[in-house]
Each structure stands twice: as C-alpha cells, then as structure tokens.
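Student: I should like to look closely at one helix and its packing, and then at the hollows and a few single residues elsewhere. Please explain each technical term when it is first used.

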Amino acid sequence: MIKKLVSYVAEFKKDAILTPIFVALEAVMETIIPLLMAWIIDNGVGKGNMKYVCVVGAAMLAVAFISLTCGVLSGKYSASASSGFARNLRRAMYYNIQNYSFSNIDKYSTAGLITRLTTDVTNVQNAFQMVIRMFVRAPFMLVFAMGMSFYINAKLSLVFLGAIVFLGIILYFIMTRVHPYFMQVFKKYDDLNASVQENLTAIRTVKAYVREEHEINKFYKASETLYKYFIRAEKLIIINAPAMQFAVYTCILLLSWLGAKMIVSKTMTTGELMSMFAYTTNILISLMIISMVFVMVIMSKASAERIVEVLEEKSDLQSPENPICEVKDGAITFKNVNFSYSKSLDKCVLEDVNIKINSGETIGIIGGTGSAKSTLVQLIPRLYDTTSGSVEVGGIDVKNYDIETLRDEVSMVLQKNVLFSGTIKENLRWGNKNASDEELIAACKQAQADEFIENFPDKYDTFIEQGGSNVSGGQKQRLCIARALLKKPKILILDDSTSAVDTKTDALIRKAFKETIPDTTKIIIAQRISSVQDADRIIVLNDGKIDGFGTHDELLKSNNIYIEVYESQVKGADNNESK
C-alpha cells in the first residue's frame, strides 16, 4: 500500500526530499541554541566577560536566523509536496473511475467514491505533510537533544529514557485499538454523504411530499451514528494527552529535584541545569509531536486503504490485445445469451436469448417492469459482459472490438436522461465535439427539439442547469436523442426515451429516423404499443426470456402478452375518448 501511494509523489520528489533536509537542519540549529545559552551563563555572565557574551550571543542570533530560514523553506516545500501528492491521488482515482465498467461502479456507492476523493485524500495529504516535516523534525530534535543532554549530564538524562519508554507503550496501545474504529468511521461518512446527496438531488420531490421532517431525521440518524463511532475512537486517542502531560511534569520535577542536588554537590553548574531544562522542552515537545503524528497516521491508514482500493480496482471489461477497430454495420446477433449481475448462472436476469437483427432494421422491445429490457440492450455496447453465450455486432463478437470503437458506433439514450451544466450547444457536442452549428440544428430537428430551442431567448446558447432542471422532462429527452444522433452511429438505442413526449411528437421522431437514418439499426424500448407498432419487428420480453419476436400483426395473432398489453392500451384509450 505504501509503495503504491509513494509512486504518486514522484513528480514532487525534489520537494519531498528537500523538506526533511531543511527540517533536520532546523532541528540541529535549535538544539545548539541551549548549549550556547549555557556557555553564556557559565563562561560569560558568571565570569563577567561581556566580550564573550557578545560573541556567543551573536553566534546564537546567527543560529536562530538559520533555524528560522530552514523552517520557512521546509514549510514551503512540504506544502508543495503534499498538495501535489493530493492532486495526483485525486487525478489518478478520477481517471481510474472513468475506466470502470458498470459492474465496477455498482460495487461502490456514489457517495462512497466522493468521500474517498475528498475526505480520505485530505486525511492522507495531512498525514504525508506531517510525516515529511513533523515526523522528521521530532526524531531529529529528540536525538540531538538527547545527545546534548547526555553530553551535559548522562545520569540526569536517564529521566528522558524512562519517559520515552512510557509514552511508547501508551502509543502502541492506542494504535492497535483505534484503527478498527476509524475504518467504521469512514464507512459511516459514506452513509452520511449518501443521505445528503439523495436529499439534494431529489429536493423537489421532498418538498412536493412535505417530507422535510423525514429527511432531517434520516440525516440525524446518519450523523448520530458517525458521532458515536468518533466518540469511541476519541476516547482512546485522548489517553495520549494526559499521558503526555504526566511524562512532561514528571520529567520537570525529577530534573528540578536531582539537578538541585547536583548543583549543591558541585557536580553540575547552573548554566548546565538551565540548558537541561531547555532540552527537556525540546525532548518532550518532540515526543508530543511524534504522538500527534501517530494519531494522524492511524486515522489516515484507514483512508489510505480506501484510496488504494479504488486505485487498484481494475475494470471488468478490457479491450483484447489485438482489437478490431472498425464496425462493419449495425447487424446484431444474440447467441445463447445468459446474463447474471452476480456472475452466477443460478441467478440469471436473461436466459437463453437468441435473436438476429439485420442492419438498418427498426426493432421494438416491450415487456413488463423487471423483464430485463434495459439489461438486454446494455450488452450490445458492452456495458456488461454476458455470463455465457455471445453478442455479435457487425458479425463479430463484441469482446473482440476495441471498446471505444464499439461504443462510438452504438449511441444509447438511457432511461435516466442526464444533461450537464452548460449551454445547449455544449451538451449536444458530447455526441460529437467537432459538430458544426448546422449539424447541431439538423440533429435537433430530427429529435423534434429545434422548435422549443428556438423559443428560448438565447436559443442554442441557452444555459442548462445541472441535471437539466430548467427544462421539462420531454425537452430533456429530445435533447438527449439529438445528442445521440450527432454521433452518427451504426446502432441507435432508445431505452424508454420518449416516455415524456406526447404521441404526436413520438411519431414525428420515429418518422424522422426512418427518413434520415435508414441504414442505422434502431432499437426502441417502450411501454406504449404505439411507439413500437410500426417497427420492422418487435421483441416481447417476459422475466428475462424471449416470449415473442415478430411484426405487430404477427404478435397480435400469436402472443398473449402482446395482445393483453395492446388491448389494455387501446381499450383504455377508447374509454377515455368516450368519456
């Protein structure tokens, strides 16, 4: 894990190396100052030698200036190294997430990934900065201060060794017991972020149903759980503070008592005792810093494990070694396809699917909720891989294609239409970043979107709010269809993508498809019979199995499910008209 994380510091290796160098120099300079102070007291003030006081005092000022300069430089380089490290981590995680397949994304919650990209990276960044600065400074200061104290009086310095052993035992106790709690804490952070995200995304629904109180209670429970885990962890961490205070005051008392005896017995000078007190401060502050760093490292260890988990996650879907980079046409063949999200053939969502679709055909797909309509079409651009059997596009197994090439030739408008913050033009150019204004207008005319766009004051430069919240559901669907058409794909899949438009507009969209993209294979998933009855052929899905496949007239004669849906919709429409 450490090796993996350190690799993201490489770009800032110079800053990461210079930081501990300047920190070490700062620590050395600070440990020299008390010794110089002892010389001034014993050899200058004590003997009335003002020239000696001035010379050594000037040396002390020079040492202090060097220490200050090294401190400033170490702060500058540590900030650069830690910020760069965090940037590289976030970038690497984000890039890797972009390569995830749908099954990889299903493994993590959206809120969980956001927490890892923000809170977890910040924890690791802070720990890294403390390690290259404080964790270098403290041991250096400790070693040099201990060395100086032993140089002044070895017997009296044994007090510090006792304090170090005592604090080491306390820190080990804290480390071994608090880490599991922090692992739970960050999981609860995911739950808290999920609650916030869900509430903000669906704020209109919350207000429409007056469910603010329910959402507040849900958030309260998530934050209360997080609070309880933090309290459990903090109850262990706070042991560090009283243990440190106990060590500090015990050392001061022992030094005062034993030092006074040594001065009386003439085995120690006043200046040496003063410098010992200064080294006491250095040593105990170093121990305090080390304990703080250990606590931070304990917290960040849980975050580091979560970050590395995302970085090491490999996409389930990979292009082959020698991929095919051209799709001949839009012909689609399903051969003995079985599919399960859990990869187990005992829990198949699709079973024994065998279909052959000719290039340029318009295929309708109809079936009840949960009949696996969306799952079926998601196998075509290889958003998921089949559990068994094969899917062919253009006569070639989709697993043999370069993934980007395949997906460029398969435009898919999903059930959940997503628009991004930006102008209409910017959203449309997701389909083709080099599309001209004329191509944008042509695609929008095919999708019956041009009319309402022209009614906007800024027309195609109209700004779309995040999620498309300032356009209606039907307008959003038509913009998404236009965006898909700009790719000029060999296969166009509409997954219930005209459900929010009226039947007249729906018919006009299908008519435009027939006239303008006759060679493109069109697959239309719909709940309305009217949306698919003019298709060349219609697939009827029932519980993941093909229940019927034929034209509208053929299915009306032979397929009970299709007949039932048709009659319920036609009779329902007739009853509404009669009223």
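Tutor: The account below begins with one helix and then moves outward to other parts of the chain.

This is a predicted model, in which local features need pLDDT of at least 70 and side-chain atom pairs count only at pLDDT 80 or more, while totals for chains, interfaces and linings use all residues. Residues are numbered from 1 along each chain as its sequence is written, and side-chain values use heavy atoms, with hydrogens and water left out.

Let us start with helix H18, which comprises residues 503-516. The labels follow DSSP runs numbered from the N terminus: a helix (H or I) has at least four residues and a strand (E) at least two. H18 has 14 residues, and from its first C-alpha to its last it reaches 20 Å, close to the 20 Å expected at 1.5 Å a residue. The expected span is 1.5 Å times one less than the number of residues.

Which residues of H18 are buried? They are Thr505, Asp506, Ile509, Arg510, Ala512 and Phe513. They lie on the same side of H18 because they cover an arc of only 155° around the axis, the arc being that of the directions from the helix axis to the C-beta atoms. Lys504, Lys514 and Glu515, on the other side of H18, are exposed. Here buried means under 20% relative accessible area, exposed means over 50%, and partly exposed lies in between (1.4 Å probe, protein chains only).

The buried residues of H18 pack against two helices and two strands: H15 (437-446), H17 (473-485), E9 (491-495) and E10 (521-525). Contact means heavy atoms within 4.5 Å.

Two of these neighbours lead to loops with residues worth a look. Gln448 sits in the loop between H15 and helix H16 (450-454), and Lys488 in the loop between H17 and E9. Most residues other than glycine have a negative phi. Gln448, although not a glycine, has a positive phi of about 60°, and Lys488, also not a glycine, has one of about 50°. Gln448 is partly exposed, with a relative accessible area of 23%, whereas Lys488 counts as exposed at 58%.

The next topic is the hollows. On a 1 Å grid over the protein atoms alone, a cavity is a set of points where a 1.4 Å probe fits but cannot get out; lining residues have an atom within 4 Å of a point. Grid points are joined across faces, edges and corners, and a volume is the space filled by probe spheres set on the points. A search of the whole structure finds two cavities of 30 Å³ or more.

The largest cavity has a volume of about 40 Å³. Its lining includes Tyr384, Ser390, Val391 and Asp397, and strand E4 (residues 388-393) gives the most to it, with three residues. By class, this lining has four nonpolar, three polar and four charged residues. In this scheme Ala, Val, Leu, Ile, Met, Phe, Trp, Tyr, Cys and Pro count as nonpolar, Asp, Glu, Lys and Arg as charged, and the others, Gly among them, as polar.

Asp397 is found in strand E5 (residues 396-397). Leaving aside neighbours within four places in sequence, Asp397 is in contact with Ser390, Val391 and Glu392. The C-alpha atoms of Asp397 and Phe334 are separated by 9.6 Å, with the two residues 63 apart along the chain.

Phe334 is one of the residues that line the second largest cavity, together with others including Ile355, Leu376 and Ile523. Strand E2 (350-357) and helix H12 (373-378) are the elements that give two or more residues to that lining. About 40 Å³ of space lies in the second largest cavity, and its lining divides into nine nonpolar, no polar and no charged residues.

Finally, consider Val540, in strand E11 (residues 537-542). Is Val540 buried or exposed? Val540 is buried, with a relative accessible area of 0%. Not counting residues up to four places away in sequence, Val540 touches nine residues by name: Ile366, Lys545, Ile546, Asp547, Gly548, Leu555, Asn559, Ile561 and Tyr562. The C-alpha atoms of Val540 and Asn153, 387 residues apart along the chain, are separated by 92 Å.

How values were computed:
1 Å grid on protein atoms, 1.4 Å probe; cavity = no way out; pocket = protein on both sides within 12 Å on 5 of 7 lines; lining within 4 Å.
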